[in-house]
Amino acid sequence: MENFTYYSPTLYEFGRGAEEKVGMMTFLTGATKVMIVYGRNYAKKNGLIDRIANSLSTIGIDHIELGGVEPNPTDTLVYEGIKKGRAAHIDGLLAVGGGSVIDTAKAIAAGIPYKGDFWDFFTGKRQVEDALPVGVVLTIPGSGSEGSGNSVITRTTDVESPIKLSLRTDSILRPRFAIINPEMTFTLSAYQTAIGIVDMMTHIMERYFSITTRVEVTDRLAEGLLMSLMAEAPKALADPTDYQARANVEWAGTLAHNGLVGCGRREDWVSHFMEHEISALYPQVAHGAGLAVVVPAWMAFMAHHKPSKVAQLGRRIFGVDEKDDRTAAIETVASLRAFFTAVLRMPTNFKGLGIESPDIHAMVEHLHANKGEEIGGYYRLTSADTEQIYTLMLSDEQREALTPKEAAEV
């Protein structure tokens, strides 16, 4: 186990009716005028935004609104929010929604006090040193952004092709509070629920696959969360109003990404990086659905190159009893893919994502231009390696269309 500092300053208000406390929670951040950021019209139509506005007004907090955040959020709305927020002299952000909304609010919070282009933070040119406080009312679980200092934004301004990058901060962009009422997720579709669960599981596995040894406590925390998600997911999908199942899923999603299961070890994050390139080029792809295709392909590659931790996952989570690590790892990949497809009804390949002719060359080129010649914390991957992993995501029909040379390299 390596040295670590763990700081999770977010105040969580969890349970039925938790959203009624949004005014007081916002007041505790010191904000006097906030921007309420939300997605499409659902939160507006169902009256949630109005209830939140009333709660703020009751306690004397003024507000403005910024709606229209789309999945795979872009810089366009961030720039609009920065301009609008500065003009209105806001001193806080309140995100009402899921990961896309929260990430947009975080980018605005960092951008308003900064004199330069907020994108400098995402490219690594500048570090975030000041930001407005962010609060969250979570309505779509999965991203874990309600408990992390991370944000993912796609740049579409002044670029030839979209660039999707993540910003990671230790504490400054962690929400000051997160309000989590599982009842708000009752109306989510099975698909929305499933892609959120895939994202949660991947957040755990990105940390679990590590070169750091003897992190038994953190490993067991990660494994416990994975097992809980796999046990509760079928219940939440079978009965969308099963409060206890929804509560367990939602809390697991928060713990998956607030840094707890990364304590004391190096992390990987290649699966997220590779998926970001897919949904940057093909924005119709939901992040969780893309991960359901990427993660088994990445693990299949690892089964032949570094199988030990994959085998451990299989033995502890899926009951794999093979003694040989490579054989156990291959069986683990099959078990995970079966869970994604049979239980969560997720796609298994590019074609299932609606991508008939994936531009693997562009994805590989953008990936390594953004992240470096070699990437990965668990196993260092070159462009040839990531090309092979992307190729493993092809359907049988797409694979048959490969040239003999391309097929031999898979």
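The exercises below, each with a worked solution, concern a predicted model.

**Exercise 1. Describe how helix 10 and helix 15 pack, and state which residues make the contact.**

Solution. Start with the two elements: helix 10 covers residues 270-281 and helix 15 covers residues 383-391. Their axes are 12 Å apart and meet at an angle of about 65 degrees. Next comes the hand of the crossing, which is right-handed. On the side of helix 10, the contact is made by Met274, Glu277 and Ile278. Helix 15 contributes Thr386, Ile389 and Tyr390. Sorted by class, the contact has four nonpolar residues, one polar and one charged.

**Exercise 2. Locate Glu250, find its nearest side chain of opposite charge, and decide whether the pair forms a salt bridge or not.**

Solution. Glu250 belongs to helix 9, residues 243-257. The nearest side chain of opposite charge is that of Arg246, 7.4 Å away. A salt bridge needs a side-chain nitrogen of Lys or Arg within 4 Å of a carboxyl oxygen of Asp or Glu. Glu250 accordingly has no salt bridge, although Glu250 is buried. To see what surrounds this residue, list its contacts, leaving aside residues up to four places away in sequence: Leu138, Pro141, Ile180, Asn181, Pro182 and Thr185.

**Exercise 3. Take the salt bridges Asp117 with Arg155 and Lys351 with Glu397; for each, give the N to O distance, the elements involved and the exposure of the partners.**

Solution. A search of the whole structure finds 20 salt bridges. Take Asp117 and Arg155 to begin with: their side chains meet at 3.8 Å, N to O. Asp117 sits in the loop between helix 5 (99-111) and helix 6 (119-123), and Arg155 in strand 6 (residues 150-155). The pair links distant parts of the chain, 38 residues apart. Asp117 counts as partly exposed because its relative accessibility is 27%. Arg155, at 10%, counts as buried.

Now turn to Lys351 and Glu397, whose side chains meet at 3.9 Å, N to O. Lys351 lies in the loop between helix 13 and helix 14 (360-371), and Glu397 lies in helix 16 (residues 396-400), so the salt bridge ties together parts 46 residues apart in sequence. Lys351 is partly exposed, with a relative accessible area of 34%. Glu397 is also partly exposed, with 48%.

**Exercise 4. Place the salt bridge of Asp396 and Arg399 within its helix, and then name the residues joined into one network by salt bridges that share partners.**

Solution. The closest N and O atoms of Asp396 and Arg399 are 3.6 Å apart. Both residues lie in helix 16, three residues apart, which is about one turn of the helix. Asp396 counts as exposed because its relative accessibility is 55%, while Arg399 is partly exposed at 27%. As for the network, salt bridges with shared partners join Glu216, Arg220, Glu223 and Arg316.

**Exercise 5. Examine the phi angles of Asn72 and Trp269, and state where each residue lies and whether it is buried or exposed.**

Solution. Begin with the background: most residues other than glycine have a negative phi. Asn72 has a positive phi, near 55 degrees. Asn72 is in the loop between strand 3 (62-66) and helix 4 (75-88), and it counts as buried at 11% relative accessibility. Trp269 has a positive phi too, near 80 degrees. Trp269 is placed in the loop between helix 9 and helix 10. With a relative accessible area of 8%, Trp269 is buried.

**Exercise 6. Compare the settings of Asp75 and Asp324: element, accessibility, and a C-alpha separation for each.**

Solution. Asp75 is found in helix 4 and is buried, with a relative accessible area of 0%. Its C-alpha atom is separated by 5.2 Å from that of Arg155, 80 residues apart along the chain. Residues touched by Asp75, not counting those up to four places away in sequence, are Phe118, Ile153, Thr154, Arg155, Thr156 and Thr157.

Asp324 is found in the loop between helix 12 (308-318) and helix 13 (325-343). At 42% relative accessibility, Asp324 counts as partly exposed. The C-alpha atoms of Asp324 and Pro307 are 9.5 Å apart, with their positions 17 residues apart along the chain.

Technical notes
Residues are numbered from 1 along each chain as its sequence is written. This is a predicted model: local features need pLDDT of at least 70, side-chain atom pairs count only at pLDDT 80 or more; totals for chains, interfaces and linings use all residues. Side-chain values use heavy atoms; hydrogens and water are left out. Axes are lines fitted to C-alpha atoms, for helices over the stretch in contact, and angles run from 0 to 180 degrees between N-to-C directions. Helices (H or I, at least four residues) and strands (E, at least two) are DSSP runs, numbered from the N terminus. A crossing is left-handed if the near helix is turned anticlockwise from the far one by less than a right angle, and right-handed if clockwise. Contact means heavy atoms within 4.5 Å. Ala, Val, Leu, Ile, Met, Phe, Trp, Tyr, Cys and Pro count as nonpolar, Asp, Glu, Lys and Arg as charged, and the others, Gly among them, as polar. Buried means under 20% relative accessible area, exposed over 50%, partly exposed in between (1.4 Å probe, protein chains only). Lys and Arg count as positive and Asp and Glu as negative; His and the chain ends are not counted.
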